[in-house]
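Dear colleague,

Please find below the structure for your review. My findings follow directly after it, and I would be grateful if you would read them with the coordinates open.

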Amino acid sequence: MSGFAAAGALLLVGVAVVVGLYAVARVVAVGAGGSPVVAFQGGAAPGEHAFSRFHVRWYVVSMIYLAFEVEMVFMYPWALVVSSMGAAAVVEMFLFLGVLVVGVLYAWREGAFEWT
């Protein structure tokens, strides 16, 4: 079988898989006449749509949270190898933490932590 025939057979199999998946989705699809699906909120009906907008302050909080989570991603492996690397690893980690502290001080100065 030549390369062109193999590519054509692979394309044909790919198209058949996609068409088959659409057919299965059509067969097992839930009808439109069912009861509406709402988010469970302690038995109470939700007061707003699930995709409603959040206040912009939550985005700032989430970015600060992610920054400190990324810090932990770097600190876990460092904690495992610090004894074998010596004092240079300790100095590098404190430099890294210093950069994070400077970032927190900057965010504090800009008012990112104020909630009013």
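In this predicted model, helix H3 covers residues 87-110, which amounts to 24 residues. From its first C-alpha to its last, H3 reaches 35 Å, close to the 34 Å expected at 1.5 Å a residue. Four residues to inspect in H3 are Ala89, Met93, Leu100 and Ala107, which are buried. Their spacing may be read against the geometry of a regular helix. An α-helix has 3.6 residues a turn, so residues three or four places apart point the same way. Ala89 and Met93 are both among the buried residues of H3, and the buried residues of this helix pack against H2. Just after H3, Gly111 takes a positive phi of about 85°.

The end of H3 also brings us to the charged groups. The structure holds one salt bridge. Glu110 forms this contact with Arg109, and the closest N and O atoms are 3.4 Å apart. Arg109 counts as exposed because its relative accessible area is 62%, where the cut-off for exposed is over 50%.

Next, the aromatic residues. The structure holds one aromatic pair. Phe74 and Phe96 form that pair, and its geometry is edge-to-face, with 5.5 Å centre to centre and 80° between the planes. Since Phe74 lies in helix H2 and Phe96 in helix H3, the pair ties together parts that are 22 residues apart in sequence. Measured in space from C-alpha to C-alpha, the model places Phe74 and Phe96 9.5 Å apart. Leaving aside residues up to four places away in sequence, Phe74 touches Met93 as well as Phe96; Met93 is one of the buried residues of H3. Are the two rings themselves buried or exposed? Phe74 is partly exposed, with a relative accessible area of 48%, and Phe96 is likewise partly exposed, with 27%. Neither residue counts as buried, because that class requires under 20% relative accessible area.

A further point concerns the surface. Phe54, Val56, Trp58, Tyr59 and Trp115 form a nonpolar patch there, with about 610 Å² of accessible area together. Phe54 belongs to the loop between helix H1 (3-28) and helix H2 (56-85). With 59% relative accessibility, Phe54 counts as exposed.

Finally, the overall picture. The secondary structure of the protein comes to three helices and zero strands, and from the N terminus on the elements run α-α-α. Of the 116 residues, 5% count as buried. The protein exposes about 10,200 Å², and carbon and sulfur atoms supply 74% of that area.

With kind regards

Terms used
Residues are numbered from 1 along each chain as its sequence is written. This is a predicted model: local features need pLDDT of at least 70, side-chain atom pairs count only at pLDDT 80 or more; totals for chains, interfaces and linings use all residues. Side-chain values use heavy atoms; hydrogens and water are left out. Patches are made of residues with over 30% relative accessible area and no salt bridge: like charges are joined within 9 Å, nonpolar side chains (Val, Leu, Ile, Met, Phe, Trp, Tyr) within 5 Å. Accessible areas come from the Shrake-Rupley method with a 1.4 Å probe; for residues, only the protein chains shown count as cover. A salt bridge is a side-chain nitrogen of Lys or Arg within 4 Å of a carboxyl oxygen of Asp or Glu. Helices (H or I, at least four residues) and strands (E, at least two) are DSSP runs, numbered from the N terminus. Buried means under 20% relative accessible area, exposed over 50%, partly exposed in between (1.4 Å probe, protein chains only). The expected span of a helix is 1.5 Å times one less than its number of residues. Contact means heavy atoms within 4.5 Å. Rings of Phe, Tyr and Trp (its six-membered ring) pair if their centres lie within 6.5 Å; planes under 30 degrees apart count as stacked, over 60 as edge-to-face and the rest as tilted.
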